[in-house]
Amino acid sequence: MSKIEQIITEIEEYIDNCKFQPLSTSKIIVNKDDIDELLAELRLRTPDEIKKYQKIIANKDAILNDAKERSEAMISEATAHINQLVSEHEIMQKAYNEANQIIEQAQQEAQNILDSATTEANDLRSRAMQYTDDILSNVQSILSTGMNSFESATDTLMTSLNSSLNVVVESRKELGGQDDTDNNYSEEDDLTVDLL
């Protein structure tokens, strides 16, 4: 309890202990010296109490200002931390996007390489088949030509052999004086060779 509050309490107790005037329930008899002494003490104590309260208020303001500064510092620090987290998140998001772009580019390049290799392989296969077909066509042509030439040579050989055989037969006829009926040879006996 402050000094002022203590003096006010003493004044209230003093008034409560005063006697009422005769025939009255609201007016009391007060000793002027006693009440003046209490009031003087109150006046004396009031400036000190006011200074004390002013000091308390000033301290309170200082405490509030300190708390305000500390809270503002905490808010500033939290804001900076949040900004840092946001910045790091943006960096991570950017890195993630760049990584996805690199992956997509690599996949596209791999697909392009695969497509190019497939196209080249198909082209080589087609060219190899064409080359093989060309070779087989040449072989076929050579074989056909050879067979035709061989057949022609065979026919010529057979004609020449038959002609020589006829000459031999006729010569034997002339030498032996044989007629056609006695001859053991007939034209049906001509040499025939089937090589095909």
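User: Helices are DSSP runs of H or I with at least four residues, strands are DSSP runs of E with at least two, and both are numbered from the N terminus; in what order do the elements of the protein chain run?

Analyst: This is a predicted model, in which local features need pLDDT of at least 70 and side-chain atom pairs count only at pLDDT 80 or more, while totals for chains, interfaces and linings use all residues. Residues are numbered from 1 along each chain as its sequence is written, and side-chain values use heavy atoms, with hydrogens and water left out. The secondary structure of the protein chain comes to two helices and two strands, and from the N terminus on these elements run α-β-β-α.

User: By how much of a helical turn are aspartate 66 and arginine 70 separated?

Analyst: The side chains of these two residues meet in a salt bridge, 3.8 Å from N to O, where the term means a side-chain nitrogen of Lys or Arg within 4 Å of a carboxyl oxygen of Asp or Glu. Because aspartate 66 and arginine 70 are four residues apart in helix H2, their separation is about one helical turn.

User: Is lysine 173 buried or exposed?

Analyst: Lysine 173 forms a salt bridge with glutamate 170, the closest N and O atoms being 3.7 Å apart. A residue is called buried under 20% relative accessible area, exposed over 50%, and partly exposed in between, using a 1.4 Å probe and protein chains only. Glutamate 170, at 42%, is therefore partly exposed, whereas lysine 173, with a relative accessible area of 18%, counts as buried.

User: Which helix gives the largest share of the largest nonpolar core?

Analyst: A nonpolar core is a set of buried Ala, Val, Leu, Ile, Met, Phe, Trp, Tyr and Cys residues joined through side-chain atoms within 4.5 Å. The largest one has eight residues in all, including Ile4, Tyr14, Cys18 and Ile35. Two or more of its residues come from each of helix H1 (3-17) and H2, and the largest share, four residues, comes from H1.

User: What is the area of the nonpolar surface patch that contains Ile135?

Analyst: Patches are made of residues with over 30% relative accessible area and no salt bridge, like charges being joined within 9 Å and nonpolar side chains (Val, Leu, Ile, Met, Phe, Trp, Tyr) within 5 Å; accessible areas come from the Shrake-Rupley method with a 1.4 Å probe, and for residues only the protein chains shown count as cover. Isoleucine 135 is partly exposed, at 36% relative accessible area. Together with Tyr131, Val139 and Leu143, Ile135 makes a patch of about 390 Å².
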